[in-house]
Structure formats: structure tokens, C-alpha cells
Amino acid sequence: MQKIQKIQKIQKILRRRILRDLKANLFYYLAPGFLIVLGMYLVVSFVGAADTVITGVAQKNQMLHLEDGQFSVFVPLTEIEENNLTESGITLEKQFYLDYQGQNNSLVRLFKNREAVNLAAIDDGRMPVTAGEIFLEKHYAKKHQLIPGGQITIAGHRFSITGIGSLPDYDAVFQELSDSVVESESFGYGLVVAADYEMMKAEGSAIKSESFTYAYRLNGVTDDDSLKERLKAFNFAPSTVDDPYFQDYWSRTGGRKDDLKDGIQELLDSSQDLEAGLSELSDAGGELLRATDTMAETITAMAAATGTASAATRQGMANYQDGLWDYTNGVDQAAGGALEMSDGIRELQQKTDTLTDTYFKNDLSNLTTFLTAANNPRIAASADDQVINKIAGLIAGVIVMMLFTYMISVFVIHSIDRERPVIGALYALGVTKKDLMRHYLTLPVSIAFLGGVIGTAIGYSQWGVNLQMTESLNYFSVPNLATVYSLPLLVYGIVMPVVVAAIVNALVIRKKLSQNVLDLLSNRENDQRAATITLKRFGFVRRFQIRQMIREARTSLTVVFGLFIALLIMMLGLNCYAICSHVSIENKADTRFEYMYSYKYPTEAVPAGGVAAFGKTLKKEVFGYNLDVTLLGIDVSNPYFDAAVTKGQNKVIISSAVARKFDLEVGDVLVLNDEDDEKLAAFTVDGVTAYASGLFVFMNLADMRAYFGETDDYYNIVFSDQPLNLETGRLTNVTTREDIIKGADVFISQMTALIITMVTVALILLAVVMYLMMQVMVDRSSFAIALMKIFGYRAKELRKLYINGNFYVIAVGAVISIPLAKWMMDQVYPILVSNVALGFNLSFPWWLYAGVYGVILFLYLVINTLLLQRLNRISHAEVLKNRE
């Protein structure tokens, strides 16, 4: 009974010591607590924002009946073809669109109201129900200061805005599927009632021809590949197309079949006429020969009767008969040749008919593009982007947890070393090792728990998840999302710090509490490594500094490790800055053309002032993302690209963006996927040219035409340094240099908040770790510092001995950590931007490295000054407190 009472009293004393210890060393415990709060805030806010977007977008897409895919056709499907699909259980909806000039030189894409697939999510207002009303995309409306109740002018028509919101198939509002940057100021879309759409269409003021696009939902009755094969079987007759530009193009391409067949028929008819004429001439020649023979006999008889026959007369008649025979034989041979020629032309006609029926079909496949939702860069782009952010948040969480773990061990060791005599006295009073373990675990575990709770709470607050989502929600067009609370993330944020703190402290405390009681009471250290090292060639101050660093090796390593961790986070932000800076500079420098016109129906001759090219979109997968790569056929004389293309159907010049994105060099093999023809295309990299504006691969124009079976004069892209007066109905897209530059500047505006956050967090983390660890060094030497004060050493001299030596730790540690952290982030970063169809330049200018190094040294000087105040507060009484 007395033993139990004694234990209870001891435990009560220990509990009181906890509060006294917390009060006496409040900063020591608040500092790691702050780091835990900061670390959990980062992890929870990043990962929580990612979970909210990923889960929220998936749920909204399901509610809005997101398509399983879409396809485009030359001409709208017939009623029979539509019924063929819908009666099998597939949901099909027309989602045709037209592009018009909007406000402030922008482009607005008009759709009809949707009824079954890809329904609109309304943020404010309602959908249009009568003529003259429109529903606008939310970010386009915001950029142009348009709100429900206001008005917008499109192609000269004023519409009343009834609502704003988003469409699930335009999560990333790309004007073209090949775009890599959303430009809400330049492009948006609107939904109107069917009557308004048809009225606008009838006026013919659209920027380009109407796109016949259908969205489908499979409903589990078939798969994408099977549907694609069915669609390929849907043919159309060119004569049924009303588009005059198509008819003009067809007459110069597929329509040449009729010209060829007509020409051969004319040739056959002419040969048959020749054959008939020569046959008649041959028959007439026979009659002439017979008449000549009769005439010769008559002349001979008359000459004999009159006695006037002469040798000359007989010879002349013989020559005449021989010539006539030669003529009739020639005519007979020509008639036979004409017959053979007619037979040859008939055979040519038969073979030509077979060839043209094979390659020039009057009925063509109606399918132009087929795109599944999984491969559509517009769909769920925000979720894909947040998957990458989630990975970044988890990586940051691991990094912060590593630092937190190591710092805890240092603090615990320092705490126990500081209380060695107290621990020895408690042992002498009969306190067990188990009681002491519980005692020394209570504070760090409690601090870890509170830090985790506070960090998680802030992470899920408006300053956490909502703040981290701001960038994504301002860029991508998604519905309003409610915060998603993830149980695994809550457990991670609250439980993980407690578990780590308990395990690390338990391991360290167990080892420290296993020391001899007398050693604890006498406060004797067994580590004599610093004293045994010979440093004769150094002066006293330098020898002292070196031995001090050796004695504080663990703490010095913690400072360097903290510096490295902070630099990893900083490099994450600075790499964002490098990307934005290089994209802005390189896109402006590499884009030499002012206009790029993409054709749907090219003219026979290249328009004056334009340079022809042949472009084809292929695919290449990287880290699970199927990205568009443009294969561009150009002449070596093309003034807008420095690609020195050489002859050869397997040789290409790749852009610098492709080289960076896919890690390619000269001599490597680039394999691209031609999804239209369902085949792979392999090319040898013959060179790399500076072009960062997109994933472009350059090929000799003539060789590319031959490779894809096009005519010698085929083109579908025209570059120009001035606007060309072209018929808009022939075009699919017009890209200007101004558009590309604006797109480059979008990166800067979108990434600025992330850059500032990462760099700020890194600097705070670095400052806290550096200050705490260097203060630990000073506190561990407090006895020696007090003693040297008694011996007459001034503060300036003590600073030189105990603090200034850390300069070399920081200086050398920074020299090693900066390039190492940069290299590690460069290896990780391609994964973080793997969904963006650009190859980013991550290189730093020299001044940025110098700036980071200078900031680190500046922080050290500031902290050095603060520690001098701490050093000045060490009293001479420390010697009496710690004497044996």
C-alpha cells in the first residue's frame, strides 16, 4: 500500500514537472509544434484540395451525364443511321457548333441547349428558354465582366445573359484539342435555343464551317472500339454535301476519278472511230486494187490492138500497181493496229475502273474523328491536374515528416542531456524507467497531437483547401465543389505526427535512460572525439571552432538536412518560376509567323503571301497521358522555322519541346501513334531545333506527302507574316502569334501564387530550423560559455568561438544542397507536369543560384545576430548550477 502511494506521489511530481518544463522551455516545444502545424497544413491543404476536385468533378460529371466519347463526321448522320445506334441502347446527341467573333476580339463557340449528354452545370441564373437568350461559360463571362441579366454582342446580335456555368466536356476550355493553355479572355462558349442557332447559321457569318460533332454514352451495351467500327461503315456520297468548299475540294481530289474515266472513254471512242475508218479505207483499197487490175488489162488490150504499146507505158502501169499494193497493205496493217489499240484501251479501261473503284470510292466513310472521354484533353483536366498536385503534396508530406522526425530526435536528446542530473536523482528516488519514459513522452506526443489537429484544421479551412483550389478553379471550368473530407487524410494529419513522435522519442529516450545512474548524476559526457583530434596547424580560434562543430555534429547535420529539405520545397517553387519565365521568353522568340491558317478544304493554289505546310496530329504516351504531337511537313526554305529537314521518309527534326518532353537526342528513334490509320510511325531524330511553343516534329514536305499518300501539291496549313484574305468556310482554325504569346503569359499568372507559397514556406522552414538548431548548440554549451565569461571572455570573442563556426556549416552545406536539391526536383518535375503538352525548360540562370545562396547566408546573419542576444543572457550562475 505504501509502495502504491509512493508511486502515485512520484507520478504527481512528474506531472507537475511537465507543466513547469513546458513553461520553462515554451519556445523549444512551440517551435517543433509550429513545424508540425506547417507540415500538416501543407499536406492536408494540397491533398485535400486534390481529393475535393478529383472526387467532386467525378460526382458532378456523373450527375451531368458526361459523355463516354465523341465523334465528328463530314455530313450529319441520316435518321436511319441515328436509329441504328440509338436502338441498340446507345445514347446519342448532336452537339454541333459554330464559332463567332465575340467581344474584345474574342471568339465565342455557340451550341444548342443540351438535353441528354454533357448537361450544363449552372453556377448562377438559368438556361435560355426563348430566342435572344444565352448561357455563358463562367470564366469567359468573368474575364469580360458579364453577369446574368447583362447582355453580350455576338456577330452583331445582342443576347441577354440568363446564366453562367460550365460544361463537363469543356473542363479545360481549349479552343482546339491540340491547345496546351486555356485562354478564357480569348475563347469561351455559349448555349442558345435551337431557333437562335439556326438563325445564326443561316446568316453565314461564322468564322469557320460548322462542326458536326456527336456525343455518346455507351450505357454498357457495347465498347468504344466496336462503336468506332460501326461508324466507319457509315458512308456518304460527296454529291450529297451542300458545302461549296467541299465540292470544290472534291472536284480537285476525289472527283478526278470521273475525269480519268471520262478521258479513257474518250480515248476508246476515238480509237474505235479510227479502227472503223481504217477498216473502211482498207475495204476501199481492195476495191481500188481490183479496179486497177481491170484498168491495166484494158489498157494493155487497147495498146495491143492499136499497136501503141511501149515499154515505158507498161513499166508505169506496173509501178502504179506496186504503189497501190503498198498503200493497201499499209492501210490493212494500220487497221489491224487500230484494232489492237482499241483492245488495249478496253483493257486499260477495265483496270482503271478496278483501280478507281478501290481507291476512289464515290461513297466515303463519314467518320472524320473519334475521341473517347479518356483521351479527350478537355474532359476531367482539372482532376488530372490535381492528381499531380496530390502526388506533390504527398511528396512534400514525406519530406516534412523526415525533417520533423530528425528534429524531434535532436530536441529529445538535448532535453535529456540538459536534465541528466534530474533523471539520475529520480532514479535514485526509486522512479522506474517506465515512469520516466511516460514522463518524457507526454510533452512531445501532446505537442505532436495538437500540432497535427491544428495543422489539419487549418488545412481544411478556407485558408487551406479552398485557397489551394483557387488556382485550379480559376483556370479550369468546373462546377462549384463542396470540400471532401477524406478519412485517410484525417488519420494522416492527426495520427501520423503522434505515432512518429512516440516512436522516435521512445527509441531515443530508452537509449539515454539506460545510462549509469552515477554518470547521470555527475552529468559526465563520454564523447571525447573532439578532444582527441590533433589540429596543431590551426590557431586556437579555428581549432576551437572545429572541435565545437565535431561536438555538435548531430545538430550541425540537422541544420544541413533542414537546409536541404527547405531547398527541395523552394526548388519546387523556383522550377515553376523557371518554367514560366522560359515559356514566356522562348515562345516569343521561337514564334516567327504572325498567322497560321489550318485548312479543312485547301484551295488548289497556295494563297499569295503564304507558305504551305502539311500538318498531321499523331499521339505519344508519357506517364499515362496520351499527348498530341504535330508532325509538320515543311520545305527547307520555310522562313518561319530553323528546322533543316533532309530527304528521307524516316528522318525528322524535333522541336526543343519534344526533346525535353520525351528525353530525346539526335540518333534516337521517335515512335508516334497514328490513331486514324491505327498504325505506329517510327522516325530517326536527325536534329533538334529551337521551338518551345508546342510538341512539333518537322519532316521534309515532299517526303511527308509521299509517306501519307497525298498528292505532290497537297497542303493543309499556311503560315504568313501578314493577314490573308481567305474564305473562312475553308478553315478549321486560325492561330496568331499574339494568341501564342498570351498563352505563354497565362502560365505566369496561374503559377504566381504557387511560386510565392512554396518559396515563403521554404524560407520560414529554413529560418526556424536554423534558429532552433543553432540555439540548441548554444544551450548545450551554456556551462562552458558561462565559465569563459568568468575567465573574462567578451561577447564578441564568445560569438567567434561558439557561433561564427556555424557559418562554415551553412556555407558548405548550401553549396552542396542547392545543386543536389535542384537535381532531385528536376528528376521529379517531369512527372508533375506530365499532363501538359509542352516540354519545359527547367534550367536556372546563374544569378538565381547566386540569389538563393545569398538569401541563405543573409538568413544566417540575421539568426546569428539573434543568437548573440541569447548568448548574452547566459549567466555566470550556470557554472554553479551544473557543478558536480
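**Exercise 1. A salt bridge in a helix**

Which side chains meet in a salt bridge at 3.8 Å, N to O? Place the pair and judge how open each partner is.

*Solution.*
- Step 1. This is a predicted model. In it, the side chains of Lys232 and Glu229 form the salt bridge.
- Step 2. Check the cut-off. A salt bridge needs the nitrogen within 4 Å of the carboxyl oxygen. The N to O value here is 3.8 Å.
- Step 3. Place the pair. Both residues sit in helix H6 (residues 224–232), 3 residues apart, which means a separation of about one helical turn.
- Step 4. Recall the helix rule. An α-helix has 3.6 residues a turn, so residues three or four places apart point the same way.
- Step 5. Judge exposure. Lys232 is partly exposed at 29% relative accessible area. Glu229 is also partly exposed, at 45%.

**Exercise 2. Salt bridges around strand S5**

Find the partners of Asp123 and Glu133, and state whether each residue is buried or partly exposed.

*Solution.*
- Step 1. Take Asp123. It pairs with Lys138, with the closest N and O atoms 2.5 Å apart.
- Step 2. Place both ends. Asp123 is in strand S5 (residues 121–125) and Lys138 in helix H4 (residues 138–143), so the bridge ties together parts 15 residues apart in sequence.
- Step 3. Apply the cut-off. Buried means under 20% relative accessible area. Asp123 has 25% and counts as partly exposed. Lys138 has 14% and is buried.
- Step 4. Take Glu133. Its partner is Arg126, and their closest N and O atoms are 2.9 Å apart.
- Step 5. Judge this pair too. Glu133 is buried at 11% relative accessibility, whereas Arg126 is partly exposed at 39%.
- Step 6. Widen the view. The structure holds 16 salt bridges. Some form a network, which links Asp99, Arg109, Glu176 and Lys208.

**Exercise 3. Stacked or tilted?**

Classify the ring pairs Tyr170–Tyr189 and Tyr595–Tyr597.

*Solution.*
- Step 1. Decide what to read. A pair of aromatic rings is described by the distance of the centres and the angle of the planes.
- Step 2. Get the count. The chain has 29 aromatic pairs.
- Step 3. Read Tyr170 and Tyr189. Their ring centres are 5.3 Å apart and their planes stand at 55 degrees, so this pair is tilted.
- Step 4. Locate the two rings. Tyr170 is in the loop between strand S8 (157–166) and strand S9 (187–192), and Tyr189 is in strand S9, so the pair joins parts 19 residues apart in sequence.
- Step 5. Check burial. Tyr170 is buried at 3% relative accessibility. Tyr189 is buried at 0%.
- Step 6. Read Tyr595 and Tyr597. The centres are 6.0 Å apart and the planes at 10 degrees, so this pair is stacked.
- Step 7. Check burial again. Tyr595 is partly exposed at 24% relative accessible area, whereas Tyr597 is buried at 5%.

**Exercise 4. A strand end and a ring cluster**

Describe the surroundings of Ser655, then look for its contacts in an aromatic cluster.

*Solution.*
- Step 1. Place the residue. Ser655 belongs to strand S17 (residues 651–655).
- Step 2. Read its exposure. Ser655 is buried, with 0% relative accessible area.
- Step 3. List its contacts, leaving aside neighbours within four places in sequence. They are Val688, Thr689, Tyr691, Gly694, Leu695, Phe696 and Phe698.
- Step 4. Turn to the rings. Ring pairs link Phe593, Tyr640, Phe641, Tyr691, Phe696, Phe698 and Phe719 into a cluster.
- Step 5. Match the two lists. Tyr691, Phe696 and Phe698 appear in both.

**Exercise 5. Inside and outside**

Which residues of helix H13 are buried, and which residues make a nonpolar surface patch of about 560 Å²?

*Solution.*
- Step 1. Take helix H13 (residues 465–475). Val465, Gln468, Met469, Ser472 and Tyr475 are buried.
- Step 2. Find their side. They cover an arc of only 120 degrees around the axis, so they lie on the same side of H13.
- Step 3. Take the patch. Phe449, Leu450, Val453, Ile454, Ile458 and Trp463 make it.
- Step 4. Look at one member. Phe449 lies in helix H12 (residues 433–459) and is partly exposed at 41% relative accessibility.

**Exercise 6. The whole chain**

Sum up the chain in numbers.

*Solution.*
- Step 1. Count elements. The chain has 26 helices and 22 strands.
- Step 2. Take burial. Of the 884 residues, 50% are buried.
- Step 3. Take the surface. It comes to about 41,800 Å², and 58% of that belongs to carbon and sulfur atoms.
- Step 4. Take contacts with a separation of 6 or more. Residues 24 or more positions apart account for 85% of them.

Note on methods
Residues numbered from 1 in each chain as written. Predicted model: local features only at pLDDT ≥ 70, side-chain atom pairs only at ≥ 80, totals over all residues. Heavy atoms only, no water. Buried < 20%, exposed > 50% of the residue type's maximum accessible area, 1.4 Å probe, protein only. Helix = DSSP H or I, 4+ residues; strand = E, 2+ residues; numbered from the N terminus. Arc of directions from axis to C-beta. Patch = residues over 30% accessible without salt bridge, like charges linked within 9 Å, V, L, I, M, F, W, Y side chains within 5 Å. Areas by Shrake-Rupley, 256 points an atom, 1.4 Å probe, with all protein chains shown as cover. Contact = heavy atoms within 4.5 Å. Phe/Tyr/Trp six-rings, centres within 6.5 Å; stacked < 30°, edge-to-face > 60°.
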